[in-house]
Amino acid sequence: MEILWFVVFAALLAGYFALEGFDLGVGLLLPVLGRTRENRDRMVAAMAPYVLANEVWLVAVAGTLFGVYPLLEGEVLFGLYPLVVAMLLSWVLRDAGLWFRRRLDGRRWRGFWDAMIAFGSLGLSFCWGMALFAAATGFESPAVHPLGVLLGVVVSGLFALHGWMFLAWRTPGVFGGTRSGRALLVSGMAAALPVVALLAGAMPYLLAHSAPASTLNVLSLMALPFAPVMVGAQVWVWRTFRPGKDAVRLPSFF
Amino acid sequence: MDVLDLARTQFAVTGSLHFLFVVLTLGLAPLVAIMHTRWARSGKPLHEQMTRFWGQIYVINYALGIVTGLVMEFQFGLSWSGLSHYAGDVFGAPLAMETLVAFFLESTFLGLWIFGWRRLPKWAHVACIWVVTLTAYASAFFIMVANSYLQNPVGSVFRNGRMELVDFFALLTNKSLVFSYPHVIGAGLFTGGMVLVGASAYQLWRRTQDLEFFTASLRTGVVTAGIGILVTISFGYAQFAGVAEGKFGNSGLAATALGLMIESGQYLALVVLLGMWPLVRSLHRRRWAHPILMVMTPLPFALAILGWIAREVGRQPWMIWERLSVADAMSPGLTSGMITTSLVGFVAVLGLLAIVDYVLIARAIRRGPQRLALGAAADADEPRSPALSY
């Protein structure tokens, strides 16, 4: 049972990096590829239908952390205190940017929230790298460590690449490239690579700190029957918004 | 204020902000689902307009529900790691169910609903908003399961220095839960109904062009508000059977909030059930009533916050009633500097976003049901660019 829940936890966290990675990547690329308002609208419209289905993977990670590794939940989040606060604020600003950018028509209004999307995406991507480094060193390293900063740059770079790949898949040719779904899959795996490495290293520690059998049994009984629905819903999102004619519908709600 | 006060303030402020948006989500979700179903059955433009207009209010409100909720979820680990150390095996299970199953599905299907306009088959699209409603209610249920455990720790035993789960079913039938969950749902419906009423009254007062639209919305709102407040009040009183003895004895604030909520709730119920319900067919013509209805709109929100103050402040000094104090639940090593910085950051950012969100909702109501962004046809307001331009 511990192994099953470790697999669920690892799949959720790796899935978050592979999926939300391209949303954050598109956000990072907004100031680069989205020099005009029309281009920014197209970039946001391309990722918009996926964002809600992608970011929720991290919410599920946090819930699973609480349910399956209650002894580590406080340790991990508290051990990363300044980073978690910065990541939450970045995430909040990125989301607010997406929800608010089209609610008023003014150029400055939309420009401001587009900047918040880029800023929030950068903060979240960069802090993820630093957080992975801090977790890998058992929260012993100083808050700002050169290797942590380097990993922040690497994760941001991987997300940006993944975001570019996503745009090249969903809006072929519009932002300078055309890529297949297979290429997107590869860049997704690359985006998830740092966290998969961390999970592989932390596996024995996580298994040893699982919640007792009674809790895991309840969670299995209550949560696992819904797994097919959850997977099915995610697949439905990808089928509904696949590239093709009318892939980027303007105006998009975001 | 010391560190503990600051940490409690952070939870109270972010939690209250979160609930202001959640309570409207709970009320509007089923209404939008019903409107969408009626549109799918009748195909009438009025029903389409109602779905899109109230759906848009619903999703603008939802944005703040999400972002405040994120901060809530992570705060347990940031400020209250003592809780997961002591009772994570029990308390973590409903929270995991909420995020892993209920909210996961809610968010995925909401994305499908918002962006699936003119893409999904008609009835599949309707099914999405019903799943969103159902999972929103499931989310609220699991959160109330977790909260009720703090009020009345059942289904667990103290073993090896921690609480261990022995009976999950006892958590689901907690006497602190069975009446408080319907009470919260009733409050949600009452709030949703009153927002329809207030918004429609405002438009009717301004002699709106969309008379049929706002007359229909006003009636839906009045009926919903009446049902909502009946449910809220009956389950509110029923809750007293499950309240721990002495809960409101030693806290002035909790007792005051409780008294204020009950008093004003009763007056509101009189107005809704004896004033608005009998006039439901003619209220849209009675201009003298419209300003009163507008002024009443914020009241359900205020009462909902009073209710949470009574429930949560009344639990003090306990995190888990007579088991774990809030002081012991606080993360060891939390410093005044850490909590002050994060408190200022969260309150400033979320507070400003909440104000912006309410301005956007008010503006959407003022603009009325013409030229809606939600479900707009492709290129409705964009200059059409030739296909070869890129």
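The following exchange takes up one helix pair and some salt bridges.

User: What kind of model is this, and how are its residues numbered?
Analyst: This is a predicted model, in which local features need pLDDT of at least 70 and side-chain atom pairs count only at pLDDT 80 or more, while totals for chains, interfaces and linings use all residues. Residues are numbered from 1 along each chain as its sequence is written, chains are lettered from A, and side-chain values use heavy atoms, with hydrogens and water left out.

User: Why is H2(B) called roughly antiparallel to H3(B)?
Analyst: Helix H2 (residues 45-79) of chain B and helix H3 (residues 81-115) of chain B pack at an angle of about 155°. Angles over 145 degrees count as roughly antiparallel, those under 35 as roughly parallel, 65 to 115 as roughly perpendicular and the rest as oblique, so H2(B) is roughly antiparallel to H3(B).

User: What makes the pair Glu20(A) and Arg94(A) a salt bridge?
Analyst: The term asks for a side-chain nitrogen of Lys or Arg within 4 Å of a carboxyl oxygen of Asp or Glu, and the side chains of Glu20(A) and Arg94(A) meet at 2.6 Å, N to O. The pair links distant parts of the chain, with Glu20(A) in helix H1 and Arg94(A) in helix H4 of chain A, 74 residues apart. Both residues are buried (under 20% relative accessible area, with exposed over 50% and partly exposed in between, for a 1.4 Å probe and protein chains only).

User: How do you know that Arg162(B) and Asp89(B) form a salt bridge?
Analyst: Their side chains meet at 2.9 Å, N to O, and Arg162(B) in strand E2 lies 73 residues apart from Asp89(B) in helix H3 of chain B.

Notes
Axes fitted to C-alpha atoms, helices over the stretch in contact; angles between N-to-C directions. Helix = DSSP H or I, 4+ residues; strand = E, 2+ residues; numbered from the N terminus.
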